[in-house]
Amino acid sequence: MTAFSALARAVAALPEPAARFLVETVLVRGMMMAWPPNRAAARRNLRRVMSAGGAPAAPERVEAALSESLGLYARFLLMMMNHPAEVAAARGRTDLALLPALKALGAERKGVVVVTPNYGLVGHAIWALFEAGVPFVMPILNRDFLAHAPKAMHDNVLTVGGSAAAALKRLAAAEVVMSIADINFLPKRRTTEFFGAPAPLG
């Protein structure tokens, strides 16, 4: 079990207000953003993206976007920790517009690769796909990172490095392979331009 998985088990047992305070206020807004290079990089990246249309982004808009991004990241972490409040949100409020198409392709015996950035509430979407009964497999850097997840979900998580054969087998069985595209899984770093700066390809 990884340190994250051990922390996840502890956080998931906390009442919702305590869990949100610990993850959002202490971990995300406190510890992560307390380090000056993190703070500067976050604002610099948001400013670049928000100024892509030509007009510089006003400082107050950058701060509002940063605050919203940190809140979303805290919710993502709580979902990855399987906190009951975010599990309930994934069940009741996640809109999976791609679900009918995935099920139709499965019925036609066609495998699907779903590519998503690791941003926003992607963890909620993955949970909702799992509970909707969509058969999928997801390679990540270390499957032990999610050792605290329900066994049926953890069984579908692979560790990158020895996962290609299993992923191809699942595609051949008309299942879904989920790929987190902006985490650098490749032996040699490859990037693409994203709003004027290099971003990793997974």
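This report covers a cavity, one helix, a hairpin and the salt bridges of a predicted model.

Local features need pLDDT of at least 70, side-chain atom pairs count only at pLDDT 80 or more, and totals for chains, interfaces and linings use all residues. Residues are numbered from 1 along each chain as its sequence is written, and side-chain values use heavy atoms, with hydrogens and water left out.

**Cavity**

The structure holds one cavity of 30 Å³ or more. A cavity here is a set of points, on a 1 Å grid over the protein atoms alone, where a 1.4 Å probe fits but cannot get out; lining residues have an atom within 4 Å of a point. Volume is the space filled by probe spheres set on the points. The largest cavity encloses about 110 Å³. Its lining includes Met 79, Trp 127, Phe 136 and Met 153. Ten lining residues are nonpolar, two are polar and none is charged. Nonpolar covers Ala, Val, Leu, Ile, Met, Phe, Trp, Tyr, Cys and Pro; charged covers Asp, Glu, Lys and Arg; the others, Gly among them, are polar.

α4 (59–80), α7 (122–131) and β2 (136–140) each supply at least two lining residues. Helices (H or I, at least four residues) and strands (E, at least two) are DSSP runs, numbered from the N terminus.

**Helix α7**

α7 gives the most to the lining, with three residues. Seven of the ten residues in α7 are buried (under 20% relative accessible area; exposed is over 50%, partly exposed in between; 1.4 Å probe, protein chains only). Among them are His 124, Ile 126 and Trp 127. Just after α7, Gly 133 has a positive phi of about 85°.

**Hairpin**

β5 (residues 191–194) and β6 (residues 197–200) pair antiparallel over four bridges; pairing requires at least two DSSP bridges. Thr 191 stands opposite Pro 200 in β6. Two residues separate the strands of this hairpin, and Phe 195 in the turn has a positive phi of about 50°.

**Salt bridges**

A salt bridge puts a side-chain nitrogen of Lys or Arg within 4 Å of a carboxyl oxygen of Asp or Glu. The count is nine. Three examples follow.

| Pair | Closest N to O |
|---|---|
| Arg 20 and Glu 86 | 2.8 Å |
| Glu 24 and Arg 29 | 2.9 Å |
| Glu 63 and Arg 43 | 2.6 Å |

Glu 63 lies in α4 and Arg 43 in α3 (residues 36–50), so this pair ties together parts 20 residues apart in sequence. Glu 63 is partly exposed at 35% relative accessible area. Salt bridges that share partners join Glu 16, Arg 20, Arg 75 and Glu 86 into one network. Within this network, Glu 86 is buried at 1% relative accessible area, whereas Arg 20 is partly exposed at 23%.

Conventions: 1 Å grid on protein atoms, 1.4 Å probe; cavity = no way out; pocket = protein on both sides within 12 Å on 5 of 7 lines; lining within 4 Å.
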